[in-house]
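Thank you all for making time this morning. I would like to walk you through one structure, slowly, and I will put it on the screen now so that you can follow along.

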Amino acid sequence: MAFEHLSSLPAADLQSLDEPELLARVKALPVPRHVAIIMDGNGRWAVQRGLPRVAGHREGVKAARAVVRAADAVGIHFLTLYAFSSENWSRPSSEVSTLMSLLERSIDRELPELMANNVRLRVIGRPKGVPTSVREGIDRVVAATAANTGLTLLMAFNYGGRDELVDACRALARQVQAGEIRPDEIDEDRIERTLYTQGVPDPDLLIRTSGEMRVSNFLLWQIAYAELVITPTLWPDFGARNLYLAIAEFQRRVRRFGGV
Ligand code: IPE
Ligand code: IPE
Ligand code: MG
């Protein structure tokens, strides 16, 4: 899909707009259905201020809240936030346990606003390995918001793109072994239906904060044709304006999907 036929302001002009004007501009053009975000840079944000890394994670929760609101306001249908990767267990145990308790405390606190905004929470990642109290908290919010019909918020938690593909391979192998399908019935559709993201369209836009030029094991299958926007802004400093500017950048892109 290319949007060149629609008027879109040059990047520099958009920068000068305030948030409501920017929102209106972005909403006037087609917005991505699914935005996925690698929320990176909490640690650096804290270190720059002489604070412990966990202070950055605490600010990061506030940024996530603001971005969920903004995603809803602009009309995105699916928002996936990378909160904790399968590799993040390798961090010092004090940081890992703080991250877990931060999540446990914030998830319940977010429920009233998720309900008020009709947001449905889904979690992608392996439940195994996540402390029981954290898992129960997440499950409670997932169940409470299951019937909501607005924005679907996918939280990637204990998520690894390779884990996801391993789990899909195992599930499909079991179906073959049980005689339910033949190997040649495994195609892209069937693989998609076996991923954690089943029923969710692929991300149109992948944003990474804090400037790293890598995907860090995020949605490896699903980002095949995502447009990438990498911003130097550290995650705790990322807000509604930054999301709208990233969408505006997306709206200037010409997607080809291998065609001309
Ligand atoms: C992202 O910020 C949050 C998580 C990975 C949980 P980081 O903690 O990776 O921050 P930096 O990249 O070290 O600055
Ligand atoms: C990716 O960030 C994971 C999350 C944002 C949850 P990392 O900080 O873990 O990625 P690397 O280590 O820089 O690749
Ligand atoms: Mg990082």
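Let us begin at Arg53, where a polar side-chain atom lies 2.9 Å from an oxygen atom of ligand 1; please keep in mind throughout that what you see is a predicted model. The backbone takes part here as well, since an oxygen atom of ligand 1 is 2.9 Å from a polar backbone atom of Gly43, and a backbone N or O atom of Asn42 lies 3.1 Å from an oxygen atom of this ligand. How much of the accessible area of ligand 1 does the protein cover? Taken on its own, ligand 1 has 380 Å² of accessible area, and the protein covers 87% of that. Around ligand 1 you will find other residues too, including Met39, Asp40, His57 and Leu99.

Now please turn to ligand 2, whose surroundings include Tyr82, Phe84, Arg214 and Ser216. Which side chain has an N or O atom 2.9 Å from an oxygen atom of ligand 2? That side chain belongs to Asn88, while two arginines also bring polar side-chain atoms to oxygen atoms of ligand 2, namely Arg91 at 3.2 Å and Arg208 at 3.4 Å. For ligand 2, the protein covers 78% of the 390 Å² of accessible area that the ligand has on its own. If you compare the two lists of neighbours, you will notice that Asn88 and Arg91 appear around ligand 1 and also around ligand 2.

Let me move on to the sheet, which is open and has six strands, paired in parallel and ordered β3-β4-β2-β1-β5-β6. Why is one side of β3 and of β6 left without a neighbour in the sheet? The strands β3, residues 120–124, and β6, residues 227–230, stand at the edges and have a single partner strand each, so one side of each has no neighbour there. From one strand to the next, the twist averages 20°.

Within this sheet, β1, which spans residues 34–38, runs parallel to β5, residues 205–208, and four bridges join the two; in one of the pairings, Val35 has Leu205 of β5 as its bridge partner.

Finally, the helices. Helix α4, residues 53–74, packs on the sheet and touches β1, β2 and β4, with its direction at about 165° to that of β2. Helix α6, residues 132–144, lies across β3 and β4 and runs at about 140° to β3.

How values were computed:
Residues are numbered from 1 along each chain as its sequence is written. Chains are lettered from A and ligands numbered from 1 in the order in which they are written. This is a predicted model: local features need pLDDT of at least 70, side-chain atom pairs count only at pLDDT 80 or more; totals for chains, interfaces and linings use all residues. Side-chain values use heavy atoms; hydrogens and water are left out. Two strands pair if DSSP finds at least two bridges between them. Axes are lines fitted to C-alpha atoms, for helices over the stretch in contact, and angles run from 0 to 180 degrees between N-to-C directions. Contact means heavy atoms within 4.5 Å. A residue is near a molecule or strand if one of its heavy atoms lies within 4 Å of it. A polar contact is a pair of N or O atoms within 3.5 Å; within protein, one must be able to donate a hydrogen and the other to accept it, and residues adjacent in sequence count only if both atoms are side-chain atoms. Accessible areas come from the Shrake-Rupley method with a 1.4 Å probe; for residues, only the protein chains shown count as cover.
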